[in-house]
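Please open the structure in your viewer and keep the selection tool at hand. The tour below moves from one selection to the next and says what can be found at each stop.

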Amino acid sequence: MATIKKAKAQRPQSQTWEEFSRAAEKLYLADPMKARVVLKYRHTDGNLCIKVTDDLVCLVYRTDQAQDVKKIEKFHSQLMRLMVAKESRSVTMETE
């Protein structure tokens with residue numbers, strides 16, 4: 001059960017994990033300084049939610065399936081590596 005929210009969209013649209021991950025990566029790469037990633041787990045519902053937003057577009061993927069947790073964990077790690085790589089490049093460029 002995945003949803004996508006946009007600033008002016010009134011109805012969320014369903015999407016697959018593949019669609020979400022591609023759209024979220026594209027959103028991050030478009031403007032890394034504005035993108036935010038949030039992971040949220042609700043123990044009472046057993047739901048894990050990952051949200052990627054840049055204040056104009058908000059992408060949300062929710063799941064209660066254990067197999068999706070590994071996908072989310074891997075994707076989150078990839079995004080974190082991208083963020084660190086971008087920052088380290090910026091720092092080396094500033095020092096040169």
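A salt bridge is a side-chain nitrogen of Lys or Arg within 4 Å of a carboxyl oxygen of Asp or Glu. Keep that cut-off in mind for the opening stop, and remember throughout that this is a predicted model.

Begin by selecting Asp54, which sits in the loop between E3 and E4. Which side chain of opposite charge is nearest to Asp54? It is that of Lys34, at 7.2 Å, and Asp54, although buried, has no salt bridge. Now show the backbone of the residues that follow: the side chain of Asp54 reaches the backbone nitrogen of Leu56 at 3.0 Å, and that of Val57 at 2.8 Å. If residues up to four places away in sequence are set aside, Asp54 touches Leu27, Lys34 and Ala35.

Next, select Asp55, which also belongs to the loop between E3 and E4. Is Asp55 buried or exposed? With a relative accessibility of 57%, Asp55 counts as exposed. Its backbone deserves a look as well, since most residues other than glycine have a negative phi. Asp55 is not a glycine, yet has a positive phi of about 75°.

Then turn to the aromatic rings, where 5 aromatic pairs are counted. Select Trp17 and Tyr61, whose ring centres lie 5.0 Å apart with the planes at 70°, so that this pair is edge-to-face. Trp17 belongs to helix H1 (residues 17–30) and Tyr61 to strand E4 (residues 57–63), so the pair links distant parts of the chain, 44 residues apart. Both Trp17 and Tyr61 are buried.

Keep Trp17 selected and add Phe75: these two form another edge-to-face aromatic pair, at 5.6 Å centre to centre and with 90° between the planes. Because Trp17 lies in helix H1 and Phe75 in helix H2 (residues 66–95), this pair ties together parts that are 58 residues apart in sequence. Phe75 is buried, as is Trp17. Adding Phe20 to the selection completes one aromatic cluster, formed by Trp17, Phe20, Tyr61 and Phe75.

For the last stop, widen the view to the largest nonpolar core, which has 15 residues, and select Trp17, Phe20, Ala24, Ile50, Tyr61, Ile72 and Phe75, the members that touch the most others. H1, strand E3 (47–53), E4 and H2 each supply at least two residues of this core, and the largest share, 5 residues, comes from H1. As general background, nonpolar side chains tend to be buried together in soluble globular proteins.

Key
Residues numbered from 1 in each chain as written. Predicted model: local features only at pLDDT ≥ 70, side-chain atom pairs only at ≥ 80, totals over all residues. Heavy atoms only, no water. Phe/Tyr/Trp six-rings, centres within 6.5 Å; stacked < 30°, edge-to-face > 60°. Helix = DSSP H or I, 4+ residues; strand = E, 2+ residues; numbered from the N terminus. Buried < 20%, exposed > 50% of the residue type's maximum accessible area, 1.4 Å probe, protein only. Core = buried A, V, L, I, M, F, W, Y, C linked by side-chain atoms within 4.5 Å. Lys, Arg positive; Asp, Glu negative; His and termini not counted. Polar contact = N/O pair within 3.5 Å; in protein donor to acceptor, adjacent residues only side chain to side chain. Contact = heavy atoms within 4.5 Å.
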